[in-house]
Amino acid sequence: MTQPATAAHHDDGARPLTMFGPDFPFAYDDWVQHPDGLGSVPDEVRGTEVAIIGGGLSGLAAARELARIGLKPVVYEADRIGGRMRSERFEGYDDDIVAEMGAMRFPPSSTTLQHYLDEAGLRTEDFPNPLAEATPSTVVDLKGTAHYARTLDDLPQEYRDVARAWDATLADHADGTELQDAIRARDTARIRAVWSRLVETLDDQTFYGFLTASDHFRSFRHRELFGQVGFGTGGWDTDYPNSMLEILRVTCTAADDHHRGVVGGCDQLPIRLWETPFDGSGTSVRDLNGGAHRPAVTEIRRTVGPGGAPRYTLVDAAGETRTYPAAIFTGQAWMLLNTIDCDDDLLPIDHWTAVERTHYMGSSKVFVLVDRPFWLDPDPETGRDTMSMTLTDRMSRGTYLLDHGPDRPAVICLSYTWSDDSLKILPLDANARVELMLKSLGEIYPGVDIRSHIIATPKTVSWETERYFMGAFKANLPGHYRYQERLFTHFKQDELDPRHRGFFLAGDDISWTAGWAEGALQTALNAVWGVVHHLGGATPATNPGPGDVFDEIAPVRLGDERGTRA
Ligand SMILES: Cc1cc2nc3c(=O)[nH]c(=O)nc-3n(C[C@H](O)[C@H](O)[C@H](O)COP(=O)(O)OP(=O)(O)OC[C@H]3O[C@@H](n4cnc5c(N)ncnc54)[C@H](O)[C@@H]3O)c2cc1C
């Protein structure tokens, strides 16, 4: 069902759960919607060029907001506008039929994202996740045994036991209910009290270690089943080595619930941020850039302007050199280590360490276009759907069926994998990947000839080998909290030496919730606040920004010794 973009999902009439904190509980959604705007700069600074490195969602949201404030964002993009919001179209078929190679499903709790989707006039629709209401049917296939289900209740008892074990584990060991209540109420003091305690106790713990420590998960079989079906989108066992805090950020903010897709492809959002007017003057960020973005940045030098003020001199792939009083970098941070030649002193040494320690998950997807949603044909013997959204421990892991109406071509994401499961297919080309996935699915659906329905060249990606990404999204390992705190708070530069001010890290991997567009936007807005203040501007008193209230809601800073705070 397609419906206009709406505010966050409400559970039983209670206030909605949103991606408000928990690390830095600032209301970005309210901030961007405030009629008084995000800030202003002195007249003499208006029109100043600010470099935006990366034309993905965060770079373009930052560019648009800076343009509204009267600055001139100069956008550099190495690959294509949209970044990891990459919707591929099939040549010869309608443009609204897409393969979402990166982001594809968005929780209503992403309320800042929703603001930009609304502003761009984009519509969303239910995304067919496992066992979701809008999903016609789901098959869970584990160890050679497949179960067909419309709801969790259709699965064998042990799956329900596992779901209950997870709920009980969160309630008993992660203050799940209290944290969600505090987030719903936007009670920053309570969020900080609970979350700081969890940070102190769980930063060193893996997801898997957290499960094994719970009495509710004494059973190895249950941990295996949970890894397969998990919660929300399923298939969470590839996250087992990651820090437990990463998982809690998802569960406590409902980031994995009630997902919606963007009708016609999520790349339309960054494209519209780039192409459509940002204010009543009818000017777009693209217009400010003379109709085209600059190519890849190849060098970043810290230079000096009048009065010793820091400047950033960028060289790009076309050989052009330009100098800026401020720059926002939104690519994955590893690009600063191996793709862009940076001054050693571009960042303080502790920030370089945090960049070096950043850990990314790999991810692969394999898509085919088929003639129609044949999976909805009822099986003559069983009356069941011919094929279903499928979770399996075979090579394909997650198969998603994307329907565009009974008489139109449809899309199958044959396989969506992360980490080791993505590595297993890394050297294979698109055709070999399709063959492998068809083999897996053929074992689950022996009578179904998927191949006969395929009508276009398959599309595939592995983000870990994409030149300008080198990974799908950051995933902190145990002990990484301190690094993340350093990177996220980089926009608040008053504690930095003056020579390090004016260069801002932003984007998905700087956020607390990498892999979710909402987090990428939050860091973009932090950088907007940082640039405005760096250039002598201010936020309206009626609409304080993330840096204005920073001291009251700053993320907990851990000390060197276990159990201490800095
Ligand atoms: C497989 C996958 C699945 C995902 N699923 C979801 C989902 O379901 N829901 C959700 O909310 N989010 C999801 N995400 C996360 C979402 O895609 C990101 O949060 C968001 O797109 C990040 O935007 P960004 O601008 O921070 O980074 P990017 O989109 O990566 O943009 C950074 C840009 O910088 C460019 N760049 C790099 N180096 C240079 C250089 N030297 N010079 C100039 N430009 C450079 C890159 O080409 C890129 O375009 C997913 C991501 C992936 C990869």
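Trainee: Which residue stands opposite Thr399 in E18?

Mentor: The residue opposite Thr399 of E18 is Thr390. Please keep in mind that this is a predicted model.

Trainee: How do E17 and strand E18 run where they are joined, parallel or antiparallel?

Mentor: Strand E18, residues 398-402, is joined to E17 by 2 bridges, and the two run antiparallel. The hairpin of E17 and E18 has 5 residues between the strands. Within that hairpin, Arg397 takes a positive phi near 55°.

Trainee: In which sense do E7 and E17 pair?

Mentor: E7 and E17 pair in the parallel sense, over 4 bridges. One example is Val139, whose bridge partner in E17 is Thr390. Thr390 thus appears twice in our reading: it is the partner of Val139, and it stands opposite Thr399 in E18.

Trainee: How should I read the side chains along a strand, and which residues of strand E17 point one way and which the other?

Mentor: The general idea is that side chains in a regular strand alternate between the two faces of the sheet. In strand E17, residues 389-392, Met389 and Leu391 point one way, while Thr390 and Thr392 point the other way. All of these residues are buried.

Trainee: Let us turn to the backbone. What is the sign of phi in Lys143?

Mentor: As a general rule, most residues other than glycine have a negative phi. In Lys143, phi is positive, near 50°. Lys143 is found in the loop between strand E7 (138-142) and strand E8 (145-149).

Trainee: Why does Lys143 count as exposed?

Mentor: Lys143 counts as exposed because its relative accessibility is 53%, and the cut-off for exposed is over 50%.

Trainee: Where does His258 lie, and what is its phi?

Mentor: His258 lies in the loop between helix H9 (244-252) and strand E9 (260-262). Its phi is near 50°, a positive value in a residue other than glycine. Because its relative accessibility is 45%, His258 counts as partly exposed.

Trainee: Is the peptide bond from Gly21 to Pro22 cis or trans?

Mentor: In general, most peptide bonds are trans. The bond from Gly21 to Pro22 is cis, with omega near 5°. Pro22 lies in the loop between strand E1 (2-3) and helix H1 (28-33).

Trainee: I should now like to consider the ligand. How many residues surround the ligand, and which are the closest?

Mentor: The ligand is surrounded by 39 residues, and the closest are Ser58, Glu77, Arg84, Asp508 and Ala517. By class, this shell has 22 nonpolar, 11 polar and 6 charged residues.

Trainee: Which atom of Glu77 lies 2.6 Å from an oxygen atom of the ligand?

Mentor: It is a polar side-chain atom of Glu77. Backbone atoms also take part in such pairs: a polar backbone atom of Arg105 is 2.8 Å from a nitrogen atom of the ligand, and a backbone N or O atom of Val297 lies 2.9 Å from a nitrogen atom of the ligand. Taken alone the ligand exposes 1,000 Å², of which the protein buries 99%. Helix H2 (57-69) and helix H17 (517-534) are the elements that give two or more residues to the shell.

Trainee: How many residues of H17 are buried?

Mentor: H17 is mostly covered, with 16 of its 18 residues buried. From its first C-alpha to its last, H17 reaches 26 Å, close to the 26 Å expected at 1.5 Å a residue. H17 is followed by Gly536, which has a positive phi near 90°.

Definitions and conventions:
Residues are numbered from 1 along each chain as its sequence is written. This is a predicted model: local features need pLDDT of at least 70, side-chain atom pairs count only at pLDDT 80 or more; totals for chains, interfaces and linings use all residues. Side-chain values use heavy atoms; hydrogens and water are left out. A residue is near a molecule or strand if one of its heavy atoms lies within 4 Å of it. A polar contact is a pair of N or O atoms within 3.5 Å; within protein, one must be able to donate a hydrogen and the other to accept it, and residues adjacent in sequence count only if both atoms are side-chain atoms. Accessible areas come from the Shrake-Rupley method with a 1.4 Å probe; for residues, only the protein chains shown count as cover. Ala, Val, Leu, Ile, Met, Phe, Trp, Tyr, Cys and Pro count as nonpolar, Asp, Glu, Lys and Arg as charged, and the others, Gly among them, as polar. The expected span of a helix is 1.5 Å times one less than its number of residues. Buried means under 20% relative accessible area, exposed over 50%, partly exposed in between (1.4 Å probe, protein chains only). Two strands pair if DSSP finds at least two bridges between them.
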